[in-house]
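Grab your viewer and work through the exercises below. Each one sets a task and then walks through a solution.

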Amino acid sequence: MADTSTPTQGTPPEGESRRDFLLYAAGAVGVAGTALAVWPLIHSMNPAADTLALSTTEVDLSAVAEGQAITVTWRGKPVFIRHRTAAEIESARKVDLAELRDPQADDKRVQKPEWLILVGVCTHLGCIPMGQKASDPRGEYGGWFCPCHGSAYDTSGRIRKGPAPLNLAVPTYTFLTDTSVRIG
Amino acid sequence: MSGQEFDNKIIQWVDERLPIFSILKHSAVDYPTPKNLNYWWNFGSLAGFMLVVMVATGIFLAMGYAANTLVAFGAVEHIMRDVNYGWLLRYLHMNGASFFFICVYIHIFRGLYYGSYKAPRELLWALGLLIYLVMMGTAFMGYVLPWGQMSFWGATVITNLFSAVPVVGDYIVTLLWGGFSVDNPTLNRFFALHYLLPFVIFALVFLHVVALHTSKSNNPLGIDVKGPQDTIPFHPYYTIKDLFGIGVLLLFYLGVVFFAPNFFGEPDNYVPANPLVTPPHIVPEWYFLPFYAILRAIPDKLGGVVAMFGAIIILFFLPWIDSSKVRSAKFRPIFKQIFWIFLAVCLVLGYCGSQPPEGEIVIVGRIATAAYFLFFPLLWVLGKVEKPRPLPHSIAAPVLKGASAGHAAQPMEKA
């Protein structure tokens, strides 16, 4: 220190603050660098490319009679496809939106009123609600009933009772023909 | 710690360069232990014993297991039927988890009763709770590995708890799953973490013991050790007592392993996982039931999750919530009763968690949840109003029933 030519020798406060600055800057670079290095580790846990690639499912609807429902698999989750009866469509339409927990009109949830297509996963904690088979309980609103924690959905798949916060999700889908649909 | 003299020259040579023998002697042989510890003090070392059993059996189970959804269920059956003594390893491991939790729960409630969480043992208590939290994560992920129906749906429900987090909830769940549902990537990472976390527990246990040996063991009277006359060396007095405890534990543990190996299990987990059918009644393992009951008691998704995690987090603050300076419930007549009520509330919650959420069970679950959380503010008030019974002057005093018992001025006998 003694033999280096330091013009700041007579003004220690300035030298102190420059050293502090270097310390903080080095610390900040270290923290940011570590964060950047950790990101690949965390991101490796997100869905891999082959998982993302399994993103569409095509379904032939011709065999599904009115009042029937089928379950297909899309991205490892069940998708409910229900061929609704006129009475079910009617009861879904006449619900007052003000009394819904997650207000959404029935015609916003279907492309063709007779085909109700939903992700069959309860929005509470992910169980599969019952109501697809004729023998299943459908809950007091005629849609689906989740046996895990008692959530009940109506004939539009909207949450009506129980702990679930949201309606059953509507996946993106396209009708390829009148009797065939592509989900995803 | 170093500087010990050993008769054996080789031990002496090693110890001068790496003081492992000094450390061992200091913390496992000479460690001054209160002379009045009762049998409730056995459960810490019993929990440690169970950890060793779990790691030992787990390593050999891993050699017969494969973490792939196509083969996992079959791999567990392969262990059960084909691997030599595979049935024994699996039943020891499966029931070992239950007995590990039994030991830890008794250990926690012992700490609660005798005020072992109070100063200067706050960090000792917090480290114990951390061990408990990591244990719960490890046990949960281990339960997923056989890939039965309960494995799959337990994993689905528990991971979905994180979807209740506002804004980023769904991203967290996708990150946990590595996909759009519980699937092969989930099983793989759960196996990796299930193998890792016990070693994290070992590290935490090490810190727990360091903290214990710094602030020293509490005792049934809850008063401080006054000097060497109040203690005895850990070895041989408590090593032999712990060994006896292990013998008794093994009677129960092996009794279940050999005569009722599926007592703690759910029959549904012998049905292979089916992502399209939820079993009508899903329940977690028994050691999670009280928290499951709290989750279901709140009729709101986020509220339920917050209450469930809050029920554990609040225990970290117990040393500061409890305003009484007296540790042991022996000298706190009202706390003693409230302690037993609290224990009963936890058992009622456990029962509610095991039942379908219908009718009266919902009401009882809500009352018990309220009672659980009421315990903590009550503890704070109690410390202000309760009149504790007089504390003995030393650990030796109540035993020496003679003249010294009640006299403050009585000089301590010299050890």
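**Exercise 1: Two faces of a strand**

Strand S1 (residues 57–60) of chain A has a covered face made of Thr57(A) and Val59(A), while Glu58(A) and Asp60(A) make up the uncovered one. Keep in mind that this is a predicted model. Your task: find which strand pairs with S1(A), and in which sense.

Step 1. Start from the general pattern: in a regular strand, side chains alternate between the two faces of the sheet. The covered pair Thr57(A) and Val59(A) and the uncovered pair Glu58(A) and Asp60(A) can be read off in that light.

Step 2. Now look for the partner. S1(A) pairs with strand S9 (residues 180–183) of chain A, antiparallel, over 4 bridges.

Step 3. Pin down the register: Val59(A) sits opposite Val181(A) in S9(A).

**Exercise 2: Following Phe80(A) across the sheet**

Task: work out which residues are the bridge partners of Phe80(A) in S2(A) and in S4(A).

Step 1. Take the S2 side. Strand S2 (residues 69–74) of chain A runs antiparallel to S3(A), and 6 bridges join them. Here Phe80(A), in S3(A), is the bridge partner of Thr71(A).

Step 2. Check the connection. S2(A) and S3(A) make a hairpin with 2 residues between them, and Arg75(A) in the turn has a positive phi of about 55°.

Step 3. Go to the other side. S3(A) also pairs with S4(A), again antiparallel, over 5 bridges. In S4(A), Leu118(A) is the bridge partner of Phe80(A).

Step 4. Ask how covered the strand is. Of the 7 residues of S3(A), 6 are buried, so the rest of the structure largely encloses this strand.

**Exercise 3: Sorting salt bridges**

Task: how many salt bridges does the whole structure hold over all chains, and where do the partners of three of them sit?

Step 1. Get the total. The search over all chains turns up 15 salt bridges. The idea behind them is simple: side chains of opposite charge can pair when their charged atoms come close.

Step 2. Try the pair Asp106(A) and Arg84(A), whose salt bridge is 3.0 Å from N to O. This one links distant parts of the chain, 22 residues apart: Asp106(A) is in the loop between helix H3 (86–93) and strand S4 (115–119) of chain A, and Arg84(A) is in the loop between strand S3 (77–83) and H3 of chain A. Both Asp106(A) and Arg84(A) are buried.

Step 3. Next, Glu140(A) and Lys161(A), with their closest N and O atoms 2.9 Å apart. Again distant parts of the chain are linked, 21 residues apart, with Glu140(A) in the loop between S4 and strand S5 (142–145) of chain A and Lys161(A) in strand S7 (residues 159–161) of chain A. Glu140(A) is exposed, at 57% relative accessible area, and Lys161(A) is partly exposed, at 42%.

Step 4. Move to chain B. Glu77(B) and Arg81(B) form a salt bridge with closest N and O atoms 3.3 Å apart. Both lie in helix H4 (residues 72–81) of chain B, 4 residues apart, or about one turn of the helix. Glu77(B) has a relative accessible area of 19%, so it counts as buried, while Arg81(B) is exposed at 66%.

**Exercise 4: Where the chains meet**

Task: what area do chain B and chain A bury between them, and what does Ile128(A) touch there?

Step 1. Count contacts: 23 residues of chain B are in contact with 24 residues of chain A.

Step 2. Get the area. The two chains bury about 2100 Å² between them, with 67% of it on carbon and sulfur atoms. In chain B, Phe180(B), Leu276(B) and Lys301(B) lose the most area to chain A, together 34% of what that side buries.

Step 3. Check for charge pairs: the count of salt bridges between chain B and chain A is 0.

Step 4. Zoom in on Ile128(A), found in the loop between S4 and S5 of chain A. Its relative accessibility is 6%, so Ile128(A) counts as buried. Leaving out residues up to four places away in sequence, Ile128(A) touches residues of chain B including Trp153(B), Pro275(B), Leu276(B) and Thr278(B), and residues of chain A including Phe80(A) and Pro147(A).

Note on methods. Residues are numbered from 1 along each chain as its sequence is written. Chains are lettered from A and ligands numbered from 1 in the order in which they are written. This is a predicted model: local features need pLDDT of at least 70, side-chain atom pairs count only at pLDDT 80 or more; totals for chains, interfaces and linings use all residues. Side-chain values use heavy atoms; hydrogens and water are left out. A salt bridge is a side-chain nitrogen of Lys or Arg within 4 Å of a carboxyl oxygen of Asp or Glu. Buried means under 20% relative accessible area, exposed over 50%, partly exposed in between (1.4 Å probe, protein chains only). Two strands pair if DSSP finds at least two bridges between them. Contact means heavy atoms within 4.5 Å. Buried area is the accessible area (1.4 Å probe) that two parts lose on being put together, summed over both.
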